[in-house]
Amino acid sequence: MATQPAITRDPEEERLDRLAINTIKTLVMDAVEQAQSGHPGMPMGAAEYAYVLFTRFLKHDPAHPGWADRDRFVLSAGHGSMLLYALLHLSGYDLSRDELKRFRQLGSRTPGHPEYGHTPGVEVTTGPLGQGFANGVGMALAERKLAARFNAEGHTIIDHFVYGILSDGDIMEGVAAEAASLAGHLGLGRLIYFYDDNRITIDGPTELCLSEDAGKRFEAYGWHVQRIDGHDLLAIAQAIEAARAEIDRPSLIIARTHIAHGSPNKQDTAAAHGAPLGAKEVVLTKINIGWPEDAHFMVPDLVTRLFDELRQEWGIAYAEWCDRFATYGAADEARAAEFSRWHAGELPAEWAADLPSFAPGDKGVATRIASHQTLQALARCIPNLIGGSADLASSNKTLIEGGGSVARGNMSGRNIHFGVREHAMGGILNGLAVHGGFHVFGSTFLVFSDYMRPSIRLAALMGLRVAYVFTHDSIFVGEDGPTHQPIEHLASLRAMPDLTVLRPADAAETVAAWRFALEPRRGPVALILSRQDLPVLDRARAAGDGALARGAYVLREAHGGAPELILMGSGSEVHLLVGAAAALESSGVAVRVVSFPSWELFAAAPPEYRESVLPAAVTARVAVEAGTRLGWERWVGGRGVIHGIDHFGASAPAAALADQFAFTVERVLALAREVLEGEVSS
Ligand SMILES: Cc1ncc(C[n+]2csc(CCOP(=O)(O)OP(=O)(O)O)c2C)c(N)n1
Ligand SMILES: [Mg+2]
């Protein structure tokens, strides 16, 4: 914090600092030893600079972990979780010493890797290397966007830094390179990362596989780069000061450190990365750093007092901010209320007032186009709805018209041009979402969702409200051919826990899908949209309200309401089912069509509802979807058939592919008859 004295060479001060740093190191060693599992090396090497950051610079208040203008701290090297837990404990977050003793145990607040929403003070879930890097970029972007929106002459209410720690692994991961490139381009100057340059990874020294000059690489990205001895307190403080002063470029502080610093036999070895040092080595290390060898989980009184004093200062800083916010509110009540609403994740009262509607008989419309129209309506009503595309906005139809572009020096734009960086987009969206203040979406072709899957998984794990707009959702992409035609993607996204996949069948379902994506709920949503036009479906014979939110519904009921056959499917195949149903009906078959936009939602619907849509007694069922058949058996049962595509597509016009792969009314009819005959003969 600015009010803190910088590090001096005062011997007494340094003694106290070293005592506190050794407290961190020994808490780490003791917890890993107790768990007989964990990663002691990195925290012991990073303790000095993490300590200087937390005690001299970090703006936070453990009593108010949700403070909107707090600095964010991202441990991208999530395996070093004990470093964070020790710091949070000492700082006074709600994380007791007992929790440190239960490191990595079932139900503890100290899981193996930091988990967002689980441990107070943990800003984001980290562990998969490189993700935290991208998350921090999203947080730094959120900070600047909020500053652009809310800071006013004489009222600075958003002005915080995003700090983070990267390991060799973070530096090597591609997602970090993507995110670093965009951060440099946008000049996110409040982003300050330490690179824990210990030159050790799991398999040994980094010279096995890494010889680039990371500093030069980051300079080329447009970052401000410093190199320091990561164990030198004064150098650390000076580097942080210089990084903070550099407001036009993100900063990388390359801190040369030694893994397991202080351990006589394990320092600088890969053995210290991910295993306890061993009881003997812990004793030797304690002796080496002047610690009582039989002390476990010890926090000396002097250290407790040091953090008590810091807590007072942090509390004062928070109170001062509250005063500033109150003054701000007095000057502009509406804006302060908006600030609070944005941060609470609330939607304006009339957010869905302006949504488009579509009528059957309207000209066919691609669901990506319907999505575009819906997005414009939502964006008009929800000023903090922001997002972008990985260079496909014109294809994904995700540009917010009149929303402006986020750019260096102009952060007020609502369209984020992620560039051709799908993976960073996924990570940055997560950072924007955990930061708070925005409703966010990102977009690309469905086939490239694979490029962002690790970030989607973390969004799901964290329960973040992120919307993905994945267009060009099937072989009906057409001429671009099999490289661009998703096959297994729906199945693979559906396999992910806590992600809701929605594949609307027409424009009307697309509006409902967007609505669902914005409504309060936990977890991300993937909207799976067509490139090609689709008819707007007739709902005159539909059953039930709020159907999309329950995942599947009767789109077209059998005459008389007692079906002998059920046709089901999602997205662009549903209109084929409707066509087939009409033909079957004219030959006397009682057929029901079920539109099935979301498996997850249907699986979560009440059993009575599920039974009402798919009655167990009706075993003649046909499912049709232009993707791999995997999983449909769950809904079709043992006697139905599934029509899908279990192999790669081909480059040809979409109509030719429909014929080639038999996504036609005729094929649906043939399958329906087959199933009905099977019923009769059995
Ligand atoms: C994406 C991803 N790949 C692999 C791993 C497994 N892993 C954990 S740490 C690590 C590398 C360790 O080296 P470094 O990042 O330098 O950390 P240090 O040993 O210095 O603590 C690996 C490969 C991971 N966590 N995430
Ligand atoms: Mg390393």
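Here are some questions and answers about this predicted model.

Q: How many residues of strand E17 are buried?
A: Strand E17 covers residues 565–569. Leu565, Leu567 and Gly569 point one way from E17, while Ile566 and Met568 point the other way, and all are buried. In a regular strand the side chains alternate between the two faces of the sheet. So the strand is mostly covered, and buried here means under 20% relative accessible area; the count of buried residues in E17 is 5 of its 5.

Q: In which sense do E17 and strand E18 pair, and over how many bridges?
A: Strand E18 is made of residues 591–595. One pair of bridge partners is glycine 569 in E17 and serine 595 in E18. Looking at the two strands together, the sense is parallel, and the number of bridges is 5.

Q: Which helix joins E17 and E18 in a right-handed β-α-β unit?
A: We've already met the two strands, which pair in the parallel sense. The unit also takes in residues 574–586. Those residues are helix H19.

Q: Which residue in strand E19 is the bridge partner of isoleucine 566?
A: E17 also pairs with strand E19, residues 621–624, in the parallel sense over 4 bridges. Isoleucine 566 is one of the residues that point the other way from E17. Its bridge partner in E19 is arginine 621.

Q: How many bridges link strand E6 and strand E7, and in what sense do they pair?
A: Let's move to another pair of strands. E6 is residues 224–229 and E7 is residues 251–256. Arginine 227 stands opposite isoleucine 254 in E7. The sense is parallel and the number of bridges is 6.

Q: Which helix makes a right-handed β-α-β unit with E6 and E7?
A: E6 and E7 pair in the parallel sense. The helix in their unit runs over residues 233–245. That is helix H9.

Q: How many residues surround ligand 1?
A: The closest ones are His79, Ser167, Gly169, Asn198 and His273. Sorted by kind, the shell divides into 6 nonpolar, 7 polar and 2 charged residues. In full, the number surrounding ligand 1 is 15.

Q: How much of the area that ligand 1 exposes when taken alone does the protein bury?
A: Start with the polar contacts. A nitrogen atom of the ligand is 3.0 Å from a polar backbone atom of leucine 129. An oxygen atom of ligand 1 lies 2.6 Å from a polar side-chain atom of asparagine 198, and for histidine 273 a polar side-chain atom also lies 2.6 Å from an oxygen atom of the ligand. Taken alone, ligand 1 exposes 580 Å², and the share that the protein buries is 73%.

Q: Which elements give two or more residues to the shell around ligand 1?
A: One is a helix over 168–172, and the other is a strand over 200–201. Their names are helix H6 and strand E4.

Q: What is unusual about the phi of arginine 199, and about what value does it have?
A: Arginine 199 lies in the loop between strand E3 (191–197) and E4. Most residues other than glycine have a negative phi. Arginine 199 is not a glycine, yet its phi is positive, at about 60°.

Q: Is aspartate 498 buried or exposed?
A: Aspartate 498 is found in the loop between helix H17 (489–494) and strand E13 (500–502). Its phi is near 65°, a positive value in a residue other than glycine. Exposed means over 50%. Because its relative accessibility is 55%, aspartate 498 counts as exposed.

Q: Why does glycine 388 count as buried?
A: Glycine 388 is found in strand E9, residues 385–389. Asparagine 415 is 27 residues from it in sequence and 5.2 Å from it in space, C-alpha to C-alpha. The cut-off for buried is under 20% relative accessible area. Glycine 388 is buried because its relative accessible area is 5%.

Q: What is the relative accessible area of serine 81?
A: The place of serine 81 is in helix H3, residues 81–91. Serine 81 and proline 111 are 30 residues apart in sequence and 8.2 Å apart in space, C-alpha to C-alpha. Serine 81 is buried, and its relative accessible area is 0%.

Methods
Residues numbered from 1 in each chain as written. Chains lettered and ligands numbered in written order. Predicted model: local features only at pLDDT ≥ 70, side-chain atom pairs only at ≥ 80, totals over all residues. Heavy atoms only, no water. Buried < 20%, exposed > 50% of the residue type's maximum accessible area, 1.4 Å probe, protein only. Pairing = 2+ DSSP bridges. Right-handed = clockwise from strand over helix to strand, strands pointing away. Near = heavy atom within 4 Å. Polar contact = N/O pair within 3.5 Å; in protein donor to acceptor, adjacent residues only side chain to side chain. Areas by Shrake-Rupley, 256 points an atom, 1.4 Å probe, with all protein chains shown as cover. Nonpolar A, V, L, I, M, F, W, Y, C, P; charged D, E, K, R; others polar.
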